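Trainee: Could we take a close look at a single part of this model, and go through it slowly enough for someone in a first year?

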Amino acid sequence: MNRNEFGLVKNFTSAGAIKPRRIVAFAAAEGRVETAVSPTAKPLIGVSGVIGAVAADERIDVYLGDVQLIEAGGVFGQGVRLTSDAEGRAVAAAPAATVTQHIIGLSLGPSTALGELVPVRILQGSLSNAANA
């Protein structure tokens, strides 16, 4: 792993195409990552950088911490816990009763439109509905 002006970065091998500034999860094969496609399927580990990966078996930097820009999947406010939509874009986490969602972090600015780049403090974790307690 490397720590530079962009924060904590780890290089992985892509399991498929990964667009830039998208949320990333571990793939089935060890040492590989893929675009996150669900808030509940797999832990969200980080964010792809400005380059991404065009196809499988490419090397890709994944940003694991600090403040990173992530493409928004919709409208949300500042200070909202974020998870992934089906395309690895950031959306507000809103788990239903008895559901736990993986989160990638906290929005440091609002998103007013689909596709907007939003600063996010990377804080991997999970969020449960109060009914889960």
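Trainee: Which does Glu-71 count as, buried or exposed?

Mentor: Glu-71 counts as buried, because its relative accessibility is 17% and the term buried covers values under 20% relative accessible area, with exposed meaning over 50% and partly exposed in between (1.4 Å probe, protein chains only). Before going further, keep in mind that this is a predicted model, in which local features need pLDDT of at least 70 and side-chain atom pairs count only at pLDDT 80 or more, while totals for chains, interfaces and linings use all residues. Residues are numbered from 1 along each chain as its sequence is written, and side-chain values use heavy atoms, with hydrogens and water left out.

The side chain of Glu-71 forms a salt bridge with that of Arg-22, at 3.3 Å from N to O; the term stands for a side-chain nitrogen of Lys or Arg within 4 Å of a carboxyl oxygen of Asp or Glu. Glu-71 belongs to strand β7 and Arg-22 to the loop between β2 (7-14) and β3 (23-26), so this pair ties together parts that lie 49 residues apart in sequence. Arg-22 is also buried, with a relative accessible area of 6%.

Now consider the sheet around Glu-71. Strands here are DSSP runs of E with at least two residues, numbered from the N terminus, and two of them pair if DSSP finds at least two bridges between them. Strand β7 is part of an open sheet of 5 strands, ordered β7-β11-β10-β8-β9 and paired antiparallel. The edges are β7 (67-71) and β9 (90-92), each of which pairs on one side only. Strands of a sheet pair through backbone hydrogen bonds, either parallel or antiparallel. Within this sheet, β10 (residues 100-107) and β11 (residues 117-128) run antiparallel and are joined by 7 bridges, and Ile-103 stands opposite Gly-125 in β11.

The Glu-71 pair has company, since the structure holds 5 salt bridges. Among them is the one between Asp-85 and Arg-89, whose closest N and O atoms are 2.9 Å apart, and both of these residues are buried. Arg-89, at 13% relative accessibility, also forms a salt bridge with Glu-87, where the closest N and O atoms are 3.7 Å apart. Asp-85, Glu-87 and Arg-89 are thus joined into one network by salt bridges that share partners. Within that network, Glu-87 counts as partly exposed, at 39% relative accessibility.

Key:
Helix = DSSP H or I, 4+ residues; strand = E, 2+ residues; numbered from the N terminus.
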